[in-house]
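Welcome! Open your viewer, set the chain to a cartoon, and keep the selection box handy.

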Amino acid sequence: MPEVPHRRDAARNRGLLLDAARRIVAERGTEVPLDEIAREAGVSRTTLHRHFANREDLALAVLRDNVADIEQRASSLADVPDGAVQLYHYLLDVQLDVPWLAQMISQGPREGRSTRATSELSERTLAALEPLVEAAHREGLLHSSVMAADMLLTLPMAMTVLVVDRQAPAGPLIDRVRAILHRGLFTTEPPQ
């Protein structure tokens, strides 16, 4: 039975590393040194490398967790008439915590190990969104020409504004951008 505490510690450390990576990368970008993520998590760099071989593996783990959350949320909205609207605005909100997520999941198929993995995550996100988009079309809540892939393409647009907004002294633009994107996709008024 000595393996159980070890497994619990390993799972706890992995969770601490993922939480630290989300926070630090959201604040400082994807090039933050791994030492800082380990320090923020309260673990050694050796422990970090026991779980993640490199920065790419850590980023993919964060993305996988986020995509699993998106899939779960989409599933819970399957019978909600405005489920596509709710999931879309949730995706916009996720960007506040993980600004680089939209860029990675909205990109199309590419070559290479990490790009295959992000392509798979993009496909999973698209697959989670598509049934909600079909329902939104049936309900007349989504402009007829808008597809799920179009909705994902708007996420990096909003992300760009987030970067500018964080640097601008004038204040938040995201509510305005949210309303503009909503009107371009949906037939309803944006949520307040």
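Here is a short tour, stop by stop, through this predicted model.

**Stop one: the start of the chain.** Select I24, which sits in helix α1, residues 3-28. I24 counts as buried because its relative accessibility is 7%. Show what surrounds it: beyond its neighbours within four places in sequence, I24 is in contact with G29, V32, E36, I37 and E40. Between I24 and E40, the C-alpha to C-alpha distance is 8.2 Å, although they are 16 residues apart in sequence.

**Stop two: a salt bridge.** Keep E40 and add R23; the two form a salt bridge, with their closest N and O atoms 3.1 Å apart. R23 belongs to helix α1 and E40 to helix α2 (residues 34-41), so the pair ties together parts that are 17 residues apart in sequence.

**Stop three: the largest nonpolar core.** Which residues touch the most other members of this core? Select L87, Y88, L129, L142, M151, L185 and F186, out of 29 residues in the core. Its largest share, 8 residues, comes from α5. Now centre on M151: its contacts more than four places away in sequence include A84, V133 and V146. Another core, of 17 residues, lies apart from this one, with A20, A38, L58 and A61 among them.

**Stop four: a link between helices.** Select D93 and R178, a salt bridge whose closest N and O atoms are 2.6 Å apart. D93 is in helix α5 and R178 in helix α9, so they tie together parts that are 85 residues apart in sequence. Is each partner buried or exposed? R178 is buried at 14%, while D93 is partly exposed at 35%.

**Last stop.** Finish with D19, R22 and D65, which are linked in a network of salt bridges.

Definitions and conventions. Residues are numbered from 1 along each chain as its sequence is written. This is a predicted model: local features need pLDDT of at least 70, side-chain atom pairs count only at pLDDT 80 or more; totals for chains, interfaces and linings use all residues. Side-chain values use heavy atoms; hydrogens and water are left out. Helices (H or I, at least four residues) and strands (E, at least two) are DSSP runs, numbered from the N terminus. Buried means under 20% relative accessible area, exposed over 50%, partly exposed in between (1.4 Å probe, protein chains only). Contact means heavy atoms within 4.5 Å. A nonpolar core is a set of buried Ala, Val, Leu, Ile, Met, Phe, Trp, Tyr and Cys residues joined through side-chain atoms within 4.5 Å. A salt bridge is a side-chain nitrogen of Lys or Arg within 4 Å of a carboxyl oxygen of Asp or Glu.
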